[in-house]
Each structure stands twice: as C-alpha cells, then as structure tokens.
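Visitor: I should be grateful for a close look at a single part of this structure. Please take one residue as the point of departure and proceed from there to its surroundings.

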Amino acid sequence: QVQLVESGGGLVQAGGSLRLSCAASGRFFRINDMGWYRQAPGKQRELVAAITSGVTNYADSVKGRFTISRDNAKHTVYLQMNSLKPEDTAVYYCNARVVDVLFHGMDYWGKGTLVTVSS
C-alpha cells in the first residue's frame with residue numbers, strides 16, 4: 001500500500017501564491033508519474049499538472065502561473081501556484097502511478113487539500 005499525504009492548501013487573496021506538497025510513503029518498487037488534479041464544486045476532476053522523468057505537462061489554464069516539481073529522494077511532488085485567481089478555487093488532489101513490489105502498476109490518490117482564492 002502507498003499513502004499520499006498532501007499539505008499546503010488554504011485561503012489566499014487573488015494574485016497571491018501557495019505551495020502544495022504531496023509525500024508518498026509505503027512499500028513500492030518505483031513511482032512513475034506524479035501529478036496534481038483539482039475538482040471545483042459542481043465540476044469534474046481535471047488535470048492541473050503532471051511530471052514524469054522530468055517532463056512536465058500543464059493544463060492550459062495554469063500555464064505560466066503554476067510550476068510542478070519533484071524530489072525523487074523524498075518521493076514528494078510540489079505545486080507552486082502563483083498569480084492565483086478565484087477560478088483556481090478547488091480541492092487539489094495528488095496522484096501517483098506506482099509500480100508495486102510485485103511489479104504491478106497501481107494508481108493512488110491523496111485525500112485532497114482545499115485551495116480557496118478570494119477576489
């Protein structure tokens with residue numbers, strides 16, 4: 001089993017910044033992809049940013065404002081969010097695609113952290 005624990009959410013004014021962190025723990029062989037998704041009230045969960053072997057991918061709505069990074073030694077992924085907008089308000093979920101000790105591919109999710117951007 002793998003656990004993902006997110007931190008760093010909160011309330012911020014428009015134009016402000018927040019940094020989310022997500023640390024993976026447990027037994028696994030390797031973590032492949034790590035990423036952040038978000039779900040706003042009444043909307044579907046959407047990809048915000050992902051990182052695989054140093055290659056990053058961003059939703060168009062956050063390009064130039066958000067930066068995803070990863071510390072492989074700490075099994076941690078970060079999301080630096082700048083120039084936040086009220087429409088960024090959502091629950092942010094960490095995702096990790098893991099190869100377990102039996103070499104099976106598994107998908108794990110954190111419980112989510114709420115980001116609220118006030119206008």
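**Thr113 and its surroundings**

Guide: Setting aside neighbours within four places in sequence, Thr113 makes contact with Glu6, Gly9, Leu20, Ala90, Val91 and Tyr92. The model is a predicted one, and the values quoted here are computed from it. Thr113 itself belongs to strand S11. With a relative accessibility of 11%, Thr113 counts as buried, because the limit for that class is under 20%. One polar approach can be specified: the Thr113 side chain comes to 3.3 Å from the backbone nitrogen of Gly9.

Among the contacts of Thr113 is Tyr92, and this residue leads into the interior. Again leaving aside neighbours within four places in sequence, Tyr92 touches Glu6, Leu20, Trp36, Tyr37, Arg38, Val48, Phe66, Leu79, Met81, Gly112, Thr113 and Val115. The largest nonpolar core has 32 residues, and Tyr92 is one of the four members that touch the most others, together with Trp36, Leu79 and Met81. At least two residues of this core come from each of the strands S1 (2-7), S3 (18-26), S4 (30-39), S5 (46-52), S7 (66-71), S8 (76-81), S9 (90-99) and S11 (113-118). Strand S9 gives the largest share, 5 residues.

Glu6 also figures among the contacts of Thr113, and it opens a second path, through strand pairing. The bridge partner of Glu6 in S3 is Cys22. Strands S1 and S3 run antiparallel and are joined by 6 bridges. On S3 there is a further pairing, with S8, again antiparallel and with 6 bridges; here Ala23 has Thr76 of S8 as its bridge partner.

Cys22, reached by way of Glu6, takes part in the disulfide. The structure contains 1 such link, and it connects Cys22 with Cys94 at an S to S distance of 2.1 Å. The torsion about the S-S bond is -80°, and the link of Cys22 and Cys94 is left-handed. Since Cys22 is in strand S3 and Cys94 in strand S9, the pair ties together parts that lie 72 residues apart in sequence. Cys22 is buried, at 0% relative accessibility, and Cys94 is likewise buried, with a relative accessible area of 0%.

The two paths may now be brought together. Through Tyr92, the surroundings of Thr113 extend to the largest nonpolar core, to which S9 contributes 5 residues. Through Glu6, they extend to Cys22, whose disulfide partner Cys94 lies in S9.

Definitions and conventions: Residues numbered from 1 in each chain as written. Predicted model: local features only at pLDDT ≥ 70, side-chain atom pairs only at ≥ 80, totals over all residues. Heavy atoms only, no water. Core = buried A, V, L, I, M, F, W, Y, C linked by side-chain atoms within 4.5 Å. Buried < 20%, exposed > 50% of the residue type's maximum accessible area, 1.4 Å probe, protein only. Helix = DSSP H or I, 4+ residues; strand = E, 2+ residues; numbered from the N terminus. Contact = heavy atoms within 4.5 Å. Disulfide = S-S within 2.5 Å. Polar contact = N/O pair within 3.5 Å; in protein donor to acceptor, adjacent residues only side chain to side chain. Pairing = 2+ DSSP bridges.
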